[in-house]
Structures are given as C-alpha cells and as structure tokens.
Amino acid sequence: MIRSVRLVCAECGSEFVPEGGVLYYKDNYINNTVKEAKFICPACIKKWHEKWQIKNAEFNEVDYVMTVTIELEDGTVYEDLDCTPMDGYVVAGVDIPPEAQKKLYEFYNEWDLKRKHDVLKYCTFKDEFMRTSFSCETYGGEKYEDVAFRVNIKGVMETAVPVPDYILKQIIDAYSIYELQNRE
C-alpha cells in the first residue's frame, strides 16, 4: 500500500514541500521512527541561517571545560554554552548552522593563539661534553636556538643569553622531565 505524508513544520506549523531535494528535521536520539521526526520548512531554515550571524564570541576554559558566550548581529546573546572545537568547527550546546560553526572557529582560533602566545611549542636539549643547551619556540614565534645553560649550586638555572622568566620557568620544567627520562 502506498501512503502519503503531509509535511508540517515543527517551528511554524505550516505545511511545506522540501526545496532542492533536502528535507530538514530536528535530530533527537530518542526518536525511533520517521513518524516521530520534527520536520522544518525551508522558510524556518532560512530564518535560522539568517539569525546565526555571529558578531562576537568569547571563549573560556576552566578545569578542562570550555564554554563560549556568543553575541549575534541581532543582539541575541547566548552565555556560557559548553563547546568543543574540532576540525575547523565549534560544536556548541545549541543548534548552530555549519557556516556559523566555522565562523565561531575563527574566533576560537584567535583566542587560542592569544592564550598560547607565551607557551612553548617545542623545547629540545642537547648534551655535549661540558656543555648543555636548549632550543625552543613559543606559539607566539619567540625563538631561542642553542642557548647554553647550567644549574648553579643553589639550583637556579643560568643561561648564556638573557631569557624571559616566563620562558625560563617552562625550560626548567621541561629540563626536569628530560633528566628523569635520561636516568631510566
């Protein structure tokens, strides 16, 4: 038996016909059948895309939980949404069109580069006879190549050239790990 289905938008309640061969619906993992799906008409999808014009986004990370506050061009603000950046998109706790997720990733990438600016991207050590040196670079692009150093009798690291304290602290931590690895 052939049956027909009238498509009624779950957002605005109007009947509709899919455009461009695409049928939109609200995903719900609880749904077991097509009958339970909540379909969305092309007009409501268009409104949804138009609404998600991101003006600004502020990210925050506390105890490995990342959140974002999003401000849209229309003045709507979504505060402290759980989010996960991955593969050029930011997935958040609300339905966001893919184009807006990409735009959100641009804000995330800028924020991430700022917070990592002074963090070491890499650090290598070289042990030679009577000389130990390091080479390192921060995410902000600050580089130090083949800098000789020693740890004095007081346990303070001294370098052949001046190195900022925020980098020196990270070098000390990295060197401690390096020494532990070489002992085993």
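Here is a friendly conversation about the sheets, helices, turns and cysteines of this predicted model.

Student: Let's begin with the sheet that holds β3. What is the order of its 4 strands?

Tutor: This sheet is open and its strands pair in the antiparallel sense. Averaged over neighbouring strands, and with direction ignored, the turn of one against the next is 40 degrees. The order of the strands is β3-β4-β5-β6.

Student: Which strands stand at the edges of that sheet?

Tutor: An edge strand here has a single partner, so one of its sides is left without a neighbour in the sheet. That description fits residues 54-62 and residues 89-92. These are β3 and β6.

Student: How many bridges join β3 to β4?

Tutor: The two strands run antiparallel, and one of their pairings puts E58 with T69 in β4. They also form a hairpin with 2 residues between the strands, where D63 takes a positive phi near 50 degrees. The number of bridges joining β3 to β4 is 8.

Student: And which residue in the turn between β4 and β5 has a positive phi?

Tutor: β4 and β5 pair in the antiparallel sense over 4 bridges, with V68 standing opposite L81 in β5. Their hairpin has 4 residues between the strands. In that turn, the residue with a positive phi, of about 95 degrees, is G75.

Student: What is the bridge partner of M86 in β6?

Tutor: Strand β5 covers residues 77-86 and runs antiparallel to β6, with 4 bridges joining them. In β6, the partner of M86 is Y89.

Student: Is T67 buried or exposed?

Tutor: T67 lies in strand β4. Beyond its neighbours within four places in sequence, its contacts include E58, F59 and N60, as well as D80, L81, D82 and C83. Its relative accessibility is 14%, and the cut-off for burial is under 20%, so T67 counts as buried.

Student: Where is Y64, with its positive phi?

Tutor: Most residues other than glycine have a negative phi. Y64 is a residue other than glycine, yet its phi is near 65 degrees. It counts as exposed, at 81% relative accessibility. Its place is in the loop between β3 and β4.

Student: D80 has a positive phi as well; in which strand is D80 found?

Tutor: D80 is not a glycine, and its phi is about 50 degrees. D80 is exposed, with a relative accessible area of 53%. The strand in which D80 is found is β5.

Student: Which helix packs on this sheet?

Tutor: The helix in question covers residues 98-116 and touches β3, β4, β5 and β6. Its direction makes about 50 degrees with that of β3. The helix is α2.

Student: How far apart are the end C-alpha atoms of α2?

Tutor: At 1.5 Å a residue, the 19 residues of α2 should span 27 Å. The value in the model agrees with that expectation. The end C-alpha atoms are 26 Å apart.

Student: Within what arc do the buried residues of α2 fall?

Tutor: The buried residues of α2 are A100, Q101, L104, F107, Y108 and D112. What covers them includes β3, β4, β5 and β6. Seen down the helix axis, these buried residues line one face, because they fall within an arc of 140 degrees.

Student: What about the sheet with β7; which helix packs on it?

Tutor: That open sheet of 4 strands has the order β7-β8-β9-β10, with antiparallel pairing. Its β8 and β9 are joined by 5 bridges, and one pairing puts S133 with A148 in β9. The helix packing on this sheet covers residues 165-183, touches β7, β8, β9 and β10, and makes about 55 degrees with the direction of β7. Its name is α3.

Student: Finally, how many disulfides are there?

Tutor: The buried C41 has its closest cysteine sulfur, in C44, at 3.6 Å, which is too far for a bond because the cut-off is 2.5 Å. C123 is in no disulfide either, with the nearest cysteine sulfur, that of C136, 5.4 Å away. C123 is partly exposed, at 23% relative accessible area. The count of disulfides is 0.

How values were computed:
Residues are numbered from 1 along each chain as its sequence is written. This is a predicted model: local features need pLDDT of at least 70, side-chain atom pairs count only at pLDDT 80 or more; totals for chains, interfaces and linings use all residues. Side-chain values use heavy atoms; hydrogens and water are left out. Two strands pair if DSSP finds at least two bridges between them. Axes are lines fitted to C-alpha atoms, for helices over the stretch in contact, and angles run from 0 to 180 degrees between N-to-C directions. Contact means heavy atoms within 4.5 Å. Buried means under 20% relative accessible area, exposed over 50%, partly exposed in between (1.4 Å probe, protein chains only). The expected span of a helix is 1.5 Å times one less than its number of residues. The arc is that of the directions from the helix axis to the C-beta atoms.
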